[in-house]
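I opened my notebook to look up a few helices, some annotated residues and what surrounds them. Here are my entries, in the order I made them.

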Amino acid sequence: MTKILMVCLGNICRSPLAEGILKSKVFSFKTFVDSAGTGAYHIGKKPDPRSISIANLNGLDITDQRARKFTVEDFDNFDLIYAMDNSNYQNIIDLARNENDKSKVKLILNEVFPGENLDVPDPYYGGDFGFKNVYKMLDEACEIIAKKINPNV
Ligand code: 4NP
């Protein structure tokens, strides 16, 4: 079973969408998908209403998710850890205990634009357009991730 963790800062905007989108694409095969935040501000909270709304518009229900903080144990529990932006990436790498931990951490948009190290922009302080844009980027990235796990998708 492939285990994938999506990570952003608050675990209420971007990574809950990434979790919901990837789950919807891999539901038929053995993959465990979860998400977490590098910050502790929103622990226990539901996704941001704007993430819930854009997910709904695309036929996904992410309301059962609750924010949690990334922990060092996540390096043991997951095969791949996708950071939404360079700042999240660095925060995760700073917690890595060894090269094996580090090798699991990727920037999610490098799946779409290899080697470009692009950020999924933080939509928290913006309007609804930011969330629509984030959804589109994550949908493209998750389509590629799902195909890597199961080429028959
Ligand atoms: P996320 O967005 O990292 O995509 O969940 C944010 C949510 C909350 C905050 C920052 C980013 N915050 O500063 O509270």
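**Entry 1: helix 1.** I started with burial, and 11 of the 13 residues of helix 1 turn out to be buried, so the rest of the structure largely encloses this helix. I am working from a predicted model here. The buried residues of helix 1 are R14, S15, P16, L17, A18, E19, G20, I21, L22, K25 and V26. Next I looked up their packing partners, which are strand 1, strand 2 (31-37), helix 2, helix 4 (86-95) and helix 6. I also checked the length: 13 residues at 1.5 Å each should span 18 Å, and the end C-alpha atoms of helix 1 are 18 Å apart, which agrees.

**Entry 2: E19.** Is E19, a charged residue in helix 1, buried or exposed? Its relative accessible area is 5%, and because buried means under 20%, E19 counts as buried. I found a polar contact of 2.5 Å between the side chains of E19 and K23. Beyond its neighbours within four places in sequence, E19 is in contact with M6, V33, D34, S35 and Q65.

**Entry 3: the annotated residues.** I turned to the UniProt record, an unreviewed entry, whose "active site" annotation covers C8, R14 and D122. They are spread over 115 residues of sequence, yet they cluster in space, with a largest C-alpha distance of 8.7 Å. The lining of the largest pocket includes C8, R14 and D122.

**Entry 4: R14 and D122.** I took R14 next, which lies in helix 1. R14 is buried, at a relative accessible area of 3%. Its side chain makes a polar contact of 3.0 Å with the side chain of D85. Setting aside residues up to four places away in sequence, R14 touches a list of residues that includes C8, D122, V134 and L138. So where does D122 sit? I found D122 in the loop between strand 4 (105-107) and helix 6. D122 is partly exposed, with a relative accessible area of 41%, whereas R14 is buried.

**Entry 5: helix 6.** I ran the length check again, on helix 6 (residues 128-149): its 22 residues should span 32 Å at 1.5 Å a residue, and its end C-alpha atoms are 31 Å apart, which agrees. Which residues of helix 6 are buried? I noted F131, V134, Y135, L138, A141, C142, I145 and A146. These cover an arc of only 150° around the axis, which puts them on the same side of helix 6. I jotted down the background too: an α-helix has 3.6 residues a turn, so residues three or four places apart point the same way. On the other side of helix 6, I found F129, K132 and K136 exposed. The cover over the buried residues of helix 6 includes strand 1 (2-8), helix 1 (14-26), helix 2 (49-57) and strand 3 (80-83). Two of the buried residues, V134 and L138, are among those that R14 touches, a nice link back to the previous entry.

**Entry 6: V105.** I closed with V105, which lies in strand 4. V105 is buried, at a relative accessible area of 5%. Leaving out residues up to four places away in sequence, V105 touches F75, I81, Y89, I92 and I93. I also looked up V105 and Q90, which are 15 residues apart in sequence and 9.6 Å apart in space, C-alpha to C-alpha.

Conventions
Residues numbered from 1 in each chain as written. Predicted model: local features only at pLDDT ≥ 70, side-chain atom pairs only at ≥ 80, totals over all residues. Heavy atoms only, no water. Helix = DSSP H or I, 4+ residues; strand = E, 2+ residues; numbered from the N terminus. Expected span 1.5 Å × (residues − 1). Buried < 20%, exposed > 50% of the residue type's maximum accessible area, 1.4 Å probe, protein only. Arc of directions from axis to C-beta. Contact = heavy atoms within 4.5 Å. UniProt positions renumbered as here; feature names shortened; annotations may be inferred. 1 Å grid on protein atoms, 1.4 Å probe; cavity = no way out; pocket = protein on both sides within 12 Å on 5 of 7 lines; lining within 4 Å. Polar contact = N/O pair within 3.5 Å; in protein donor to acceptor, adjacent residues only side chain to side chain.
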